[in-house]
2 protein chains.
Amino acid sequence: MVQLKSKRSTDPEAIAHVGLDVLENVLSYYIRSLNMAVSRDLDEKLDGLEVAKGTGKITTLLLVDRHPGIRSSVIAQLVMRDRSAMVRVVDQMEEQGLLTRRADDEDNRAQGLFITRKGRELADRIRPVVVKQSRDFFPDLSDEEHRTLITLLGRTYRRIVGLPQQTPA
Amino acid sequence: MVQLKSKRSTDPEAIAHVGLDVLENVLSYYIRSLNMAVSRDLDEKLDGLEVAKGTGKITTLLLVDRHPGIRSSVIAQLVMRDRSAMVRVVDQMEEQGLLTRRADDEDNRAQGLFITRKGRELADRIRPVVVKQSRDFFPDLSDEEHRTLITLLGRTYRRIVGLPQQTPA
DNA sequence: TCCGATTAATGGACTTTTGCAACTATGATT
DNA sequence: AATCATAGTTGCAAAAGTCCATTAATCGGA
């Protein structure tokens, strides 16, 4: 069971009766809160794996592995970060030997990103961890409920980042 | 429609066919991503309102309004933040005249937080904004789907922060 | 009733992130 | 060729979060 860090300092009794006011019915509140919790938990699970600390390294690694030659600006858009923030992530990952940059043949302003052997190995290592962590984090959801969440949140996500909606099978 | 900031720099074509690898089915990925987007959007909507920049000020304000004398450590637990981080939030809000600290009658180590007139007025102002923003952010969800998300995510949230589960009506 | 352990709140120093704006180089437009 | 837009980059400064130590008060025995 995933629990809040240690700091369970406050008397459990004290918190049990706290109402969240209107936030009780505010979806974004739960998203913001759960984000913190789930991100921390993931960091722990990934501890030592060179991609810890969620700055988008995981997404970058997987996307580069999946799409050789992808541009950093595309990744930036998907992870909703500034281009300049992406540069730093790529810098770091290049130093770590996880990927390489190479100028695009057609457009010399752009450069494609390519995974290295080491990067691919890492990607293969973390894929199952990431998937498992996410599922394990929500033990109180049935598989169906879990799928429902992915479907609904994915819909909004795709709209926002400009990805086409999934065709309803 | 909520869209990503301005920076729609990249050619829409380039992004349309990008697959997210395993992240496609990772709930935490959507939560992390949407968190960024929804938080930014809220900041914009709240611009100028003294509680912008999501450091938990909104939650703090609403909770203090709802629960006079609540302790900062309880709020810290609910917003999943370090106690020392809470101190700074409370400091700031006290300076802004939104709330006051007063030693607890029963336990002199603790201090309760109390809202001021100004704080209450602000709380009344932002309540509808927060609720509306959250709903508007998910225009592609039906009311029922929206309720479903709140129910499911709320369940996990409550478990994590140690709030009792909602009795199924 | 005194001592040690515990808890609440706080303060300080530190590291990490991040967002913005400016800059270069290349490509596109007219 | 002149102008404008775009990809990537860099530096800077603000903001956030973490870690650790400190103060003060309470509680539980011996």
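What follows is a walk through a predicted model of two protein chains and two DNA strands.

A little bookkeeping comes first. Residues count from 1 along each chain as its sequence is written, while chains take letters from A and ligands numbers from 1 in the order in which they are written. Because the model is predicted, local features need pLDDT of at least 70 and side-chain atom pairs count only at pLDDT 80 or more, though totals for chains, interfaces and linings use all residues; side-chain values rest on heavy atoms, with hydrogens and water left out.

Chain A is a good place to start. Its secondary structure comes to 7 helices and 3 strands, where helices (H or I, at least four residues) and strands (E, at least two) are DSSP runs numbered from the N terminus. Along the sequence, these elements follow the pattern α-α-α-β-α-α-β-β-α-α. The C-alpha atoms of chain A fill a box of roughly 65 × 40 × 30 Å along the principal axes.

How does chain B relate to chain A? In general, two copies of a chain are related by a rotation about an axis and a shift along it. Here, a turn of 180° and a shift of 0.0 Å along the axis lay chain B on chain A with an RMSD of 0.1 Å. That is the relation of a two-fold axis. The superposition is by least squares on the C-alpha atoms of residues with pLDDT of at least 70 in both copies.

Next comes the interface of the two chains. Chain B puts 80 residues into the contact and chain A puts in 80 residues, with contact meaning heavy atoms within 4.5 Å. Of the interface residues of chain B, 100% are also interface residues in chain A, so the copies meet through the same surface. Together the chains bury about 7,800 Å², 66% of it on carbon and sulfur atoms; buried area is the accessible area (1.4 Å probe) that two parts lose on being put together, summed over both.

The rule finds 7 salt bridges across this interface, a salt bridge being a side-chain nitrogen of Lys or Arg within 4 Å of a carboxyl oxygen of Asp or Glu. One of them joins Arg155(A) to Glu145(B), with the closest N and O atoms 3.0 Å apart. There are also 23 residue pairs in polar contact, both at pLDDT 80 or more. A polar contact is a pair of N or O atoms within 3.5 Å; within protein, one must be able to donate a hydrogen and the other to accept it, and residues adjacent in sequence count only if both atoms are side-chain atoms. On the chain B side, the elements giving two or more residues are α1 (12–16), α2 (27–45), α3 (57–66), α4, α6 (117–136) and α7 (143–161). That side divides into 42 nonpolar, 22 polar and 16 charged residues. In this sorting, Ala, Val, Leu, Ile, Met, Phe, Trp, Tyr, Cys and Pro count as nonpolar, Asp, Glu, Lys and Arg as charged, and the others, Gly among them, as polar.

Now for the DNA. A residue is near a strand if one of its heavy atoms lies within 4 Å of it. DNA strand C has 22 residues around it, and Ser84(A), Arg109(A), Ser73(B), Arg88(B) and Arg101(B) come nearest. Sugar and phosphate make up 66% of the atoms of this strand that come within 4 Å of the protein. Ser73(B) has a side-chain N or O atom 2.9 Å from a phosphate oxygen of strand C, and Gln111(B) likewise has one 2.9 Å from a phosphate oxygen. α5(B) gives the most to the surface near strand C, with 4 residues. By class, that surface has 2 nonpolar, 9 polar and 11 charged residues.

DNA strand D is likewise surrounded by 22 residues, the closest being Ser84(A), Arg88(A), Arg101(A), Gln111(A) and Asn108(B). For strand D, 68% of the atoms within 4 Å of the protein belong to sugar or phosphate and the rest to bases. The side chain of Gln111(A) places an N or O atom 2.5 Å from a sugar or linking oxygen of strand D. The largest share of the surface near this strand, 5 residues, comes from α5(A).
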